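Hi,

Here is the structure I promised to pass on to you. Have a look at it first, and then read on for my notes.

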Amino acid sequence: MRALVRFRLLLPALGLPACVAVVGVGVQAAAFRQPSEDALVTAQALQGLIRYRIIRGTEQIGGRSVSTACVEGRFHMPRQRLLVRGALVLLGNGERLYDFGDGVRRVGRRGPAPRVDRIRFLLAGCPRMLDRRIGSRLVRGLPVEADPARGARATAVAIAFADQHSAIALYVDRRTFRPLELTLRRQEGRAWSDLEPGGGRPTMLRVRRAFGLWHKRKVQRA
């Protein structure tokens with residue numbers, strides 16, 4: 001029973017679809033072995049992450065630095081009356097990226113965004129997008145490591161995993177689980193971003209204006 005109680009700590013961070021999958025295929029296994037310490041720490045980090053709707057940052061790609069701001073929420077899609085959950089990312093160079101559930105796209109460009117824009121979007125640290133990406137790995141039983149960071153990040157924990165092309169690590173404060181940094185390693189080199197949760201109404205209004213979301217105007221898809 002103790003294993004089941006600890007296992008339920010994972011569920012709030014993973015969201016309803018993940019909960020359904022866990023209940024369907026994982027509860028019986030949890031009754032016989034405890035979830036790993038890495039999985040428990042990762043779940044706590046995700047719970048801390050999704051408290052935020054706004055994340056500001058400064059990302060470094062190819063030696064170039066650019067500021068970022070991600071605002072998550074519900075927005076109007078063209079020709080649709082219902083609000084759709086998604087994320088808007090405004091870069092300091094004026095580039096506008098968004099994801100409404102069908103992949104990252106860039107305002108002013110048709111079709112899916114190129115890889116470099118997808119990397120920029122990832123490094124912006126949008127909370128629910130990261131939660132979905134990391135949480136789905138926990139549900140599927142894919143490797144996720146939670147190790148103490150070293151050096152300048154000695155008070156942090158690194159939530160690390162690898163996808164097909166990159167090794168990704170989210171650094172969070174060891175006590176508060178506040179997101180601090182996101183790094184990405186790939187064959188072309190290393191990219192990273194310093195993250196600062198929050199930003200309040202000024203940041204939200206700045207991003208909404210940049211996307212034309214003012215007085216209930218709609219985001220115009222490319």
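Below is what I found, grouped by region. Please keep in mind that this is a predicted model.

Let me start with the helix pair. Helix α4 covers residues 37-49, which makes 13 residues. From its first C-alpha to its last, α4 reaches 18 Å, close to the 18 Å expected at 1.5 Å a residue. Much of α4 is out of reach of solvent by the accessibility cut-off: A39, L40, V41, T42, A43, A45, L46, G48 and L49 are buried.

The partner to look at is helix α6, residues 127-140. The axes of α4 and α6 come within 10 Å and cross at roughly 160°. Angles over 145 degrees count as roughly antiparallel, and α4 and α6 are therefore roughly antiparallel to each other. The crossing of α4 past α6 is left-handed. On the α4 side, the residues that meet α6 are A39, T42, A43, L46 and L49; on the α6 side they are P127, L130, D131, I134, G135 and L138. As you know, an α-helix has 3.6 residues a turn, so residues three or four places apart point the same way. That is worth having in mind as you look along the two helices.

Next, the aromatic residues. The structure holds two aromatic pairs. In one pair, the ring centres of Y98 and F100 are 5.2 Å apart and the planes stand at 45°, so this pair is tilted. Y98 counts as buried, at 1% relative accessibility, and F100 counts as buried too, at 8%. Ring pairs also bring in F75, which is linked with Y98 and F100 into a cluster.

Then there is R118, in helix α5 (residues 115-123). What does R118 touch, once its neighbours within four places in sequence are left aside? The answer is V104 and A113. V104 is 14 residues from R118 in sequence, but their C-alpha atoms are 6.1 Å apart in space. R118 is partly exposed, with a relative accessible area of 41%.

Last, a backbone detail at F177. This residue lies in the loop between β8 (167-173) and β9 (179-186). Its phi is near 65°, a positive value in a residue other than glycine. With a relative accessible area of 14%, F177 is buried; the cut-off for that is under 20%.

Happy to talk any of this through once you have had a look.

Best wishes

Conventions
Residues numbered from 1 in each chain as written. Predicted model: local features only at pLDDT ≥ 70, side-chain atom pairs only at ≥ 80, totals over all residues. Heavy atoms only, no water. Helix = DSSP H or I, 4+ residues; strand = E, 2+ residues; numbered from the N terminus. Expected span 1.5 Å × (residues − 1). Buried < 20%, exposed > 50% of the residue type's maximum accessible area, 1.4 Å probe, protein only. Phe/Tyr/Trp six-rings, centres within 6.5 Å; stacked < 30°, edge-to-face > 60°. Contact = heavy atoms within 4.5 Å. Axes fitted to C-alpha atoms, helices over the stretch in contact; angles between N-to-C directions. Parallel < 35°, antiparallel > 145°, perpendicular 65-115°, else oblique. Left-handed = near helix turned anticlockwise from the far one by under 90°.
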